[in-house]
Amino acid sequence: MAGEVSMRDGHRPADARMPAEGARPATGNPQPPGSTGRPRRIAVIGGGPGGLYAAALLKRLDPGRHITVWERNAPDDTFGFGVVLSDETLGGIEHADPVVHAALQREFVRWDDIDIVHRHTRHTSGGHGFAALGRRRLLEILHERCRSLGVDLRFRSEAPYPAWLAEAYDLVIAADGVHSTTRETYAHMFRPHVADHRCRYIWLAADFAFDAFRFEIAETEHGVMQLHGYPFAADASTVIVEMREEVWRAAGFDGLGEQESVERCAKIFAAALGGRPLRSHRSAWTTFRTVVNEHWSHGNVVLLGDAAHTAHFSIGSGTKLAVEDALALAACLTEHPTTAGALAAYEAERRPVVASTQRAARASLEWFEDLGRYLDQPPRQFAFNLLTRSRRVTHDNLRLRDARFTEAVEREFGCPPGTPPMFTRFRLRGLTLRNRVVVSPMDMYSATDGVPGDFHLVHLGARALGGAGLLMTEMVCVSAEGRITPGCTGLYTGRQAEGWRRITDFVHAQAPGTAIGVQLGHSGRKGSTRLMWEGMDEPLPEGNWPLVAASPLPYKPGSQTPGRLSRARLTDIREQFTAAAWRAARAGFDLLELHCAHGYLLSGFLSPLTNRRTDGYGGPLANRLRFPLEVFDAVRGVWPEERPMTVRISATDWADGGTTAEDAVKIARAFAAHGADAIDVSTGQVVAEERPEFGRSYQTPFADRIRHETGVPVIAVGAISSWDDVNSLILAGRTDLCALARPHLYDPNWTLHAAAEQGYEGPGAGWPAPYRAGSRRPRTGRTDAPKPRLTLESRPAPCPR
């Protein structure tokens, strides 16, 4: 009989422990998972796709389990209309439950194209491959599967208190969505972080099928609005209308009822809808909430799907992630002998995947929030930018999926035939770079008395021969007191300048076409420390020199406290920068970069976390900019007019109360007004308590914003590791140049190898004559062995007669 459990299993029926109306739970904490045995009694809170699929899988894997699902809504009472699943997710479903997979396959609507409509022009990119079905039909399939397996489904039923369930069941799966009551009940253990975002959206449907995934942009008198639409049945499509909060209010949507909003949206996007109406199902305007939890399980309670994490609908991953969570949880509970081990393995397996998806979703979400920034891009570049917004779809992906579309974007960008975007030229003042690759500044800590020696000649010379358009030195210090470590290079003596001249002469003679730039800086409060491999940012055990900074604040506990710079000392340091710049010009550098990032001296003036001054050099941003701009002007005054100057900034401190992205735009605009030819956009390293949001190309959105809001060229840095990333960022218009550090440590010939791997042999990547024989990848072994033509099934030998 359904719901009965033998008392010999050591369990009582759940109903025997259910609280009476208004009762409080006997305990506020769930039970620790059993040290032995797999869970036999499982409660699932939430009857969405993730909860239902987890129930079905766990019951199928062990029919003896007692599994109950509580869903507060009716079986057919669902929100949203269509669900998109990837081939990867479908493959997992097929392997785990062919019955569900077969049912889904019969329902799917499939298509390949994405249409982007902007300013009455439609651009289509093909080869993407989507599969969708109605959310209601998906739930019906999962209901049927659960019932056939004997799962107890309880609709229109609020789940009992999580604490009661945790006492009555071996395992509680909280699949109760973005507003999870379970998560909030144990917030002190799950430690959720919930972020609301800047757009309002409403989930609607149309009674016809789009023939592609459609993005349509409407520029209204109130601001920019966008439509996301895709088919989920032969005669139906999901339609999501989205806009910034201030646009939503200006358009009057905050005062409209449901039906009025639906009609208004249909009117705004009449062209996309062909004049047809939209419909809703208790649809309401809402803002997206990004949910992140520090822990996914507590005792015998585990989070799944939106209760554990959310990813913005613009990359279509909500249901996908929930279903994949269910697959992983079921597998871990089968593979591990204890519930505790299984829950730990589940989180370890899923967390990196989810974090990667959330980073992509966040990038996509923010792209749509800032859509207005890109409206004036050339039409095809705008379409390419939209398609690559999450940084998961790239130039190479699109080239493989739809070569015709990608080639059209490249032509519009100005790529000569057969030339990848990264190998197009770029001009800064009187300097023309042959390609868009920069060898980023990398401190080597290998100088003696500030003099660059043989190591620097070989290090920089090798990378100059490697094909990059611009080679940057490490931070070169303007005084002995301005060094980070005893191993830092300088330009405060004639002997140092001679050492640099030796290197620039080599680069210009042996690597024609490669420019070499110098980065000038002063360590400020981050000086007098050990060599990086002996203890990064750790004070010297002996031989320390006094430090100076905007304010007397140590970098971290145990660091030396710097002296506050007086007006007279500010003048001295400005003159040190000027003298170093003069020597750099005489040493033959093609470009000069002023280092105003990473918490060094000039950066310390810019950040409110490190500048606590009350004179004219502290307080408002305009005052904090004063000294860095004075130094810039002084350096620009002695630096040759035809040679470009750039400035590296930290566009965010990754810390509360520090420099913000909005501040970074103002800082960049100020330097550009004083004559900076480009802004090198880095982030962080200003305060020790920073919390960076690492990920693929994670710093490029700051460069993107500065480029589009100021019009000044930018150099993007930060976890750009592949030539595909470089091509994607440049072609999308997010940056002008890409600076890479670690890839050039791994491979000094990174740029040349990127050209070889793309089959490019043009002027943007000339191999040095002695290296031309290495311009093709060496063979690694025989790859032309005969392939098997037949696979014969193994059959039993015939019985002898």
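## Rings, cores and strands

Modeller: By the ring rule, the count comes to 28 aromatic pairs. The model is predicted: local features need pLDDT of at least 70 and side-chain atom pairs count only at pLDDT 80 or more, while totals for chains, interfaces and linings use all residues. Residues are numbered from 1 along each chain as its sequence is written, and side-chain values use heavy atoms, leaving out hydrogens and water.

Colleague: Why are Trp111 and Phe130 called a stacked aromatic pair?

Modeller: Rings of Phe, Tyr and Trp (its six-membered ring) pair if their centres lie within 6.5 Å; planes under 30 degrees apart count as stacked, over 60 as edge-to-face and the rest as tilted. Trp111 and Phe130 are 5.2 Å apart centre to centre with 20° between the planes, so the pair meets the limits for stacked.

Colleague: What makes this pair a link between distant parts of the chain?

Modeller: Trp111 is in strand β4 (residues 109-111) and Phe130 in strand β7 (residues 130-134), 19 residues apart. Helices (H or I, at least four residues) and strands (E, at least two) are DSSP runs, numbered from the N terminus. Trp111 and Phe130 are also both buried, a word used for under 20% relative accessible area, with over 50% called exposed and anything in between partly exposed (1.4 Å probe, protein chains only).

Colleague: Why are Phe288 and Phe313 called edge-to-face?

Modeller: The planes of Phe288 and Phe313 are 75° apart, with 6.5 Å between the centres, so the angle is over the limit of 60 degrees. Phe288 lies in strand β15 (residues 286-293) and Phe313 in the loop between β17 and α11 (318-335), 25 residues apart. Phe288 and Phe313 are buried.

Colleague: Which residues do ring pairs link into a cluster?

Modeller: The cluster includes Trp111 and Phe130, together with Phe213, Phe215, Tyr230, Trp367, Phe368, Tyr374 and Phe382.

Colleague: How do you know that the charged end of Arg626 sits over the ring of Tyr617?

Modeller: The rule asks for NZ of Lys or CZ of Arg within 6 Å of the ring centre and within 35 degrees of the ring normal. Arg626 has its charged end 4.4 Å from the centre of the Tyr617 ring, so the distance condition is met. For Arg643, which sits over the ring of Trp639, the distance is 5.4 Å.

Colleague: Why is His143 called buried?

Modeller: His143 has a relative accessible area of 5%, so it falls under the 20% limit. His143 is in helix α4 (residues 135-149). Leaving aside neighbours within four places in sequence, its contacts (heavy atoms within 4.5 Å) are Leu52, Pro75, Leu153 and Phe155.

Colleague: What makes strand β25 largely enclosed by the rest of the structure?

Modeller: Six of the six residues of β25 (residues 591-596) are buried, so the strand is largely enclosed. In a regular strand the side chains alternate between the two faces of the sheet. In β25, Leu591, Glu593 and His595 are buried on one side, and Leu592, Leu594 and Cys596 on the other.

Colleague: How do you know that β25 pairs with β22?

Modeller: Strands pair if DSSP finds at least two bridges between them. β25 and β22 (residues 515-521) have four bridges and run parallel, so they qualify. Gly517 has Leu591 as its bridge partner. Five bridges join β25 to strand β26 (residues 645-650), also parallel, with Glu593 opposite Thr646.

Colleague: What makes strand β13 largely enclosed?

Modeller: Eight of the nine residues of β13 (residues 236-244) are buried, so the rest of the structure largely encloses this strand. β13 pairs antiparallel with β10 (residues 192-206) over eight bridges, and eight bridges also join antiparallel β12 (residues 223-233) to β13. A hairpin of two residues connects β12 to β13.

Colleague: Which residues touch the most other members of the largest nonpolar core?

Modeller: Leu491, Leu520 and Phe671 do, in a core of 87 residues. Such a core is a set of buried Ala, Val, Leu, Ile, Met, Phe, Trp, Tyr and Cys residues joined through side-chain atoms within 4.5 Å. Residues that Phe671 touches include Cys596, Leu625 and Val647. A second, separate core has 68 residues, among them Leu58 and Tyr346.
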